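Biologist: I am new to this structure and should be grateful for a close look at a single part of it. Please begin with the open space at its surface and then follow the chain from there to the part you consider worth describing in detail.

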Amino acid sequence: MEDLEELYQEIILSHNRSPHNEGRLDPRTGEAEGFNPLCGDQLTVHVREGGDGRLDAVRFTGQGCAISRASASIMTQAVQALPRAEVDRRIAEALEMLTGREEPEIDLDKLGELAALAGVRQFPARIKCATLAWHALAAALKGRDRVTTEEG
Ligand code: ZN
């Protein structure tokens, strides 16, 4: 288990240092600002949905702690270019992995770097840092422009 924890930390730190898909997206079909008042993380997610029902591109901007930024970076990689239904499924899976009652089964082969986020479960105060980007993505896809981690 110790090795896994080191892996989690390494992945989080590396995404925080050099995040993927950070920046504004133009043109875009949606955007939502997410706020986590517990930590002060504030991230905006931009999305561009294609005519074929795929999520062509997703990017994020804003300020937050290492976990929130790493989660946003990993999120953009996990959902980019997927059909919308698959994106919705990934969002649900990620939120379940982070906040579900059951300790998640981590399949590194299947989850890849997404698995790193599950390491956050050991630090309950930081879980909302990790869910923030996913909530913001869901809001942007639903046409909402704002969301906080304190909503149901
Ligand atoms: Zn945070």
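Modeller: A pocket, as the word is used here, is an open set of grid points with protein on both sides within 12 Å along at least five of seven lines. The model under discussion is a predicted one. The largest pocket in it has a volume of about 260 Å³. Its lining is made up of 13 residues, and those nearest its centre are Tyr-8, Gln-9, Ile-12, Ile-67 and Phe-123. Helix H1, residues 2-17, and helix H2 each contribute at least two lining residues. H1 gives the largest share, with five residues.

One of the residues nearest the centre of the pocket, Ile-67, leads to the part I wish to examine, helix H6. Ile-67 is in contact with Ala-130, and Ala-130 has its place in H6.

H6 covers residues 127-141, and its length can be checked by a short calculation. At 1.5 Å a residue, its 15 residues should span 21 Å; the C-alpha atoms at its ends are 22 Å apart, which agrees with that expectation. The helix does bend, by about 25 degrees at Ala-133. Most of H6 is covered, with 13 of its 15 residues buried. Beyond the helix comes Gly-143, whose phi is positive, near 80 degrees.

Ala-130 itself offers a view of what packs against H6. Its relative accessibility is 0%, and it therefore counts as buried, the limit for that term being under 20%. If the neighbours within four places in sequence are left aside, Ala-130 is in contact with Ile-67, Ser-71, Leu-98 and Val-120. Another residue, Leu-117, lies 13 residues from Ala-130 along the chain, and the C-alpha atoms of the two are separated by 6.8 Å.

Two of these contacts of Ala-130, Ile-67 and Ser-71, are among the buried residues of H2. Which other residues of H2 are buried? They are Ser-68, Arg-69, Ala-70, Ala-72, Ser-73, Ile-74, Met-75, Thr-76, Ala-78 and Val-79. Because twelve of its 14 residues are buried, H2 is largely enclosed by the rest of the structure. Its length also follows the expected rule: at 1.5 Å a residue the 14 residues should span 20 Å, and the end C-alpha atoms are 20 Å apart. After H2 comes Ala-81, with a positive phi near 75 degrees. Ala-81 is a residue other than glycine, and it is found in the loop between H2 and helix H3, residues 84-99. With a relative accessible area of 41%, Ala-81 is partly exposed.

H6 also takes part in the zinc site. Which protein atoms are the donors of the zinc ion? They belong to Cys-39 (SG), Asp-41 (OD, listed twice), Cys-65 (SG) and Cys-129 (SG), and they lie 2.2 to 2.6 Å from the ion. Along the sequence the donor residues are spaced C-x1-D-x23-C-x63-C. Cys-129 lies in H6, while Cys-65 lies in the loop between strand E3 (55-63) and H2 (66-79), so this pair ties together parts that are 64 residues apart in sequence. Cys-65 and Cys-129 are both buried.

A further link to this helix involves Leu-38, which lies in the loop between strand E1 (30-36) and strand E2 (41-49). Leu-38 and Lys-128 are 90 residues apart in sequence, yet their C-alpha atoms are 7.8 Å apart in space. Apart from its neighbours within four places in sequence, Leu-38 is in contact with Lys-128 and Glu-150. Is Leu-38 buried or exposed? Its relative accessibility is 58%, and it counts as exposed because the limit for that term is over 50%.

Finally, the loop between H1 and E1 has two features of its own. It holds Pro-27, which is joined to Asp-26 by a cis peptide bond with omega about -5 degrees. The loop also holds Asn-21, whose phi is positive, near 60 degrees, in a residue other than glycine. At 24% relative accessibility, Asn-21 counts as partly exposed.

To return to H6: the helix is mostly covered, bends at Ala-133, and includes Cys-129, one of the donor residues of the zinc ion.

Terms used:
Residues numbered from 1 in each chain as written. Predicted model: local features only at pLDDT ≥ 70, side-chain atom pairs only at ≥ 80, totals over all residues. Heavy atoms only, no water. Helix = DSSP H or I, 4+ residues; strand = E, 2+ residues; numbered from the N terminus. Expected span 1.5 Å × (residues − 1). Bend = angle between axes of the 7 residues up to and from the residue. Buried < 20%, exposed > 50% of the residue type's maximum accessible area, 1.4 Å probe, protein only. Donors = N, O, S within 2.8 Å, 3.2 Å for Na, K, Ca; no water. Contact = heavy atoms within 4.5 Å. 1 Å grid on protein atoms, 1.4 Å probe; cavity = no way out; pocket = protein on both sides within 12 Å on 5 of 7 lines; lining within 4 Å. Points joined across faces, edges and corners; volume = space filled by probe spheres on them.
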